[in-house]
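Trainee: Could you take me through one part of this protein in detail? I'd like to see how a single strand sits among its neighbours, and then how that fits with the rest of the chain.

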Amino acid sequence: MLFRRSLRASTAALALLLPFAAACGGNATATPASDQSSVTLRVGATGWKVEEALLKFAHLDDTPYTVKWSQFQGGDQQLQAIRAGALDVAESSEIPPIFAAADGKPNFKVVAVQRGSTLNQEVVVPKGSEVTDIAGLKGKKVGYVQNTTAHYFLYELLKQAGLKWSDIDAKPLLPNDGLAALNGGSIDAFASYGTSIITAHQQGATTIGSGQDILSGNFLWTARDSVLKSAGQRAATADLIARITKAYAYVRDGRQNAFAKVIAATTHQPLAQAEKDFRAQQAQRPTQARTVGDDTIASQQKVADVFAELGALKSPLDVKSFWSRELNTDLKKAL
């Protein structure tokens, strides 16, 4: 039932995205890697366009190719856009590509991994709630962002507390909708990530469970098959991923406070809190790219197996079918 709901939601989203995809068009696959002046990459960002801001801050936004950033509430929406042809490259957790490939006809490949922080991945309850731990969610209405890290760590936290998915009244919600529902009292708890969790805390929410030690810290760069067929787009994708790694290193080199001002201005949080969160994230796991390896594929396979166990997938999924090492050589050189 959960899978069918997810499939219907994805189909609806794809229908909305298709006109945008047609308007954007695609790039010619004949562009050579050495000439990127005519190359355009349509790249997704979750929450806010942190990578775009980061590259500008680090003076690494002077790419020989054009990057068009689009903002989404979650990686699941980015993968829907990839499927619809509205994006060329997406960044997400391990979860969205699993559901995007569940029909057996993915038009994309996972081409690189970005190691990152798993902080701000939490289950929160509103101010004044009597629920103090995950076990207290039994029989409660719990919002979660479907087909994302929130979906995964909520299920794992429930198992750790001796509960089944059926022991809660699970409500799939987008981050912004989930925040509104939490504050409005229509749900008792909310599993989410990133800026939505930061905002929830600003509004008095408290944490009763975290995905910090459940999630792998692998965030996946996914590219449409057409990108891999284009020498120009392929080279541009490797270069962009490497630039983002270098930009994070630039900020970590004594510029955390300065970049925190950019974060605070965008996410509307106090500067001290923005800097504290950024430092904590980079201390837990410095953000940096790495190439595809057997271990990164195995990590996502573990996640896919959990969703099959949950019943969110119609059947078990072999994830290596949508991974590619085609970018490994270019990415190693770019890094």
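What follows is a look at strand β4 and then at the cores and a helix elsewhere in the chain.

Mentor: Happy to. Keep in mind that this is a predicted model. For orientation, the protein chain has 335 residues, of which 54% are buried, and its secondary structure comes to 13 helices and eleven strands.

Now zoom in on β4, residues 108-115. This strand is mostly covered, with six of its eight residues buried. β4 has strand partners to look at, too. One is β10 (residues 218-224), which runs antiparallel to β4 and is joined to it by seven bridges. Another is β11 (residues 288-290), also paired with β4 in the antiparallel sense, here over three bridges. Arg 115 is a nice place to put your cursor: its bridge partner in β10 is Asn 218, and in β11 its bridge partner is Gln 288. Look at the numbering in those pairs and you get a feel for the chain as a whole, where residues 24 or more positions apart account for 80% of the contacts with a separation of 6 or more.

Next, the cores. The largest nonpolar core has 63 residues, and Val 123, Leu 137, Leu 154, Phe 307 and Trp 323 are the ones touching the most other members. Helix α5 (residues 149-160) gives this core its largest share, seven residues. Apart from that core lies another, of 39 residues, including Ala 112, Leu 240, Val 251 and Phe 278. So as you go back to β4, click on Ala 112 and you'll be in that 39-residue core.

Val 123 deserves a click as well. Leaving aside residues up to four places away in sequence, Val 123 touches Ile 134 and Leu 137, then Phe 153, Leu 154 and Leu 157, then Ala 189, Phe 190 and Ala 191, and finally Thr 206, Thr 207, Ile 208 and Gly 209.

From there, hop to helix α7 (residues 194-202), where Ser 196, Ile 197, Ile 198 and Ala 200 are buried. The buried residues of α7 pack against two strands, β5 (121-125) and β8 (189-193), and two helices, α6 (175-184) and α11 (271-284). After α7 comes Gly 204, with a positive phi near 100 degrees.

Last, the outside: the protein chain exposes about 14200 Å², and carbon and sulfur atoms supply 50% of that area.

Methods. Residues numbered from 1 in each chain as written. Predicted model: local features only at pLDDT ≥ 70, side-chain atom pairs only at ≥ 80, totals over all residues. Heavy atoms only, no water. Core = buried A, V, L, I, M, F, W, Y, C linked by side-chain atoms within 4.5 Å. Buried < 20%, exposed > 50% of the residue type's maximum accessible area, 1.4 Å probe, protein only. Helix = DSSP H or I, 4+ residues; strand = E, 2+ residues; numbered from the N terminus. Contact = heavy atoms within 4.5 Å. Areas by Shrake-Rupley, 256 points an atom, 1.4 Å probe, with all protein chains shown as cover. Pairing = 2+ DSSP bridges.
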